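Let's take a walk through a protein model together. Have a look at the sequence and the 3D view below, and then we'll start with a small question.

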Amino acid sequence: MDFLVDLAVVTVSCLALGLLSKYLRQASIPVYIIAGIILGKSGLDLITSYEFVEWLGKIGVILLMFYIGYEFNFKGIKEPGRLFAGCTDFAVNFIAGFSLGLLIGLSLLEAFILASAVYISSSAIAISSLIENKRLIYPEAETVVWLMVFEDIILAILLVVLTSIMSSSLAMIPVSLAMTLLLIVCILTLIRRLSNFISPLFERDDEIPILLTFALLFGFSAIAYLLSISEVIVAFFLGSALSEVKSFKKLFGDTISFKNLFITIFFFSFGMMFPFKFAGLPSTDFVFALLTLITLSIFGKFASGALIGKRLYGSLEMGLRVGAYTTPRGEFSIVLLAVAIGMGEGISELLFSLVIAYVILLSIVGAFIAKHGDRIGKVMMGGINKLQQESKG
């Protein structure tokens, strides 16, 4: 019965720290990771069934991607300017992260993972900041929401590329990609063809609807696992396919509760599993690399935001606000690193420690920047105007 003690340790510690983060109006993701670091292998080592807690955490990642897939809107990509905004955000921030990764001695694969973590913002923190600042009705808020959606698309592609690279030789990557695409097409086609049959099952008021949901989710995830395809990609597209089934909408609210519980355990399990240390670099070099990465990430989001604002609205200040709201990093950077680690060897302690520390710090700093995005955008614009006037004078 040790697992019950572990569950009590995980849920009680996350509850206490989660309440504290809500009271302080800070992002909750870093405190769950910190709880795992303190109570897991790097700290007090209070957990006895590490594999059991890690297993629960993996369910959280699958449910998170299923949730994102359900909420995803493919039609938005056709709106004017949106493709430019998404591609600009990707190009500026991915290239910056990839370049720095190579500069500090990471391998090409690790630099790819670091660049992906640097590129992807935290949707939860960004959207919460827009709601808190009552900015959802403003034009730039629509762009911020769209960037979060576009990042979901790119995340799915990055996961396909990453898992293909890590599970195959270079020559087998096209085969792995083809298998992934084939499975996705099969899921989308099967759900569409069977919608008339499964739709009444989702309307029942007994245990059948939730059993059907998890049977589909775990069934397709198991097939993906057996084919060496990432199960989170399958979960994403299964969620997207079920969004077309109208009767599933009511049941979707129930799955969100499961998602919230298991994703919290995921962040805890991620912190508890690995020895957190300064890897192969001297601590001062590690701190310097970390601070450089954070500075570059903040600058990258403001730079891409400025380009987007200038192109879409003809306003640099609106672009700077877009940059401020997209600064926080969080859940997806961790998910991407977890998938890479789950695929096997090849991830150095340097990359692991760097990304964990990066997400913890930038989720806190980024949440602050997003919360005060309007004021920061105005102050930066005032500074830019002053510099322009001085150069003219």
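Which residue with a positive phi follows H4? It's Gly 105, and its phi is near 95°. Keep in mind as we go that this is a predicted model.

Now let's back up into helix H4 itself, which covers residues 82-103. You can check its length with a bit of arithmetic: at 1.5 Å a residue, its 22 residues should span 32 Å, and the end C-alpha atoms are indeed 32 Å apart, so the two agree. Quite a few of its residues are buried, including Arg 82, Gly 86, Asp 89, Phe 94 and Leu 100. Cys 87 is another story: with 39% relative accessibility, Cys 87 counts as partly exposed.

Hang on to Asp 89, because its relative accessible area is just 1%, which makes it buried, and yet it has a charged partner. Lys 301 forms a salt bridge with Asp 89, with the closest N and O atoms 2.9 Å apart. Lys 301 sits in helix H12 (residues 283-313) while Asp 89 belongs to H4, so this pair ties together parts that are 212 residues apart in sequence.

What is the relative accessible area of Lys 301? It's 0%, so Lys 301 is buried as well. Lys 301 has a second salt bridge too, this time with Glu 151, where the closest N and O atoms are 3.1 Å apart. Glu 151 lies in helix H7 (residues 139-167), so here the linked parts are 150 residues apart in sequence. At 1% relative accessibility, Glu 151 counts as buried. Put the pieces together and you get a salt-bridge network of Asp 89, Glu 151 and Lys 301.

The structure holds four salt bridges, and another one of them joins Glu 317 and Arg 321, at 3.4 Å from N to O. These two are four residues apart in helix H13 (residues 316-325), so about one helical turn separates them. Is Arg 321 buried or exposed? Its relative accessible area is 12%, so it's buried, whereas Glu 317, at 22%, counts as partly exposed.

Let's finish with helix H9, residues 208-226. Its 19 residues should span 27 Å at 1.5 Å a residue, and its end C-alpha atoms are 26 Å apart, which agrees. Among its buried residues are Leu 212, Phe 214, Leu 217 and Phe 220. Just after H9, Ser 228 takes a positive phi of about 60°.

How values were computed
Residues numbered from 1 in each chain as written. Predicted model: local features only at pLDDT ≥ 70, side-chain atom pairs only at ≥ 80, totals over all residues. Heavy atoms only, no water. Expected span 1.5 Å × (residues − 1). Buried < 20%, exposed > 50% of the residue type's maximum accessible area, 1.4 Å probe, protein only. Salt bridge = Lys/Arg side-chain N within 4 Å of Asp/Glu carboxyl O.
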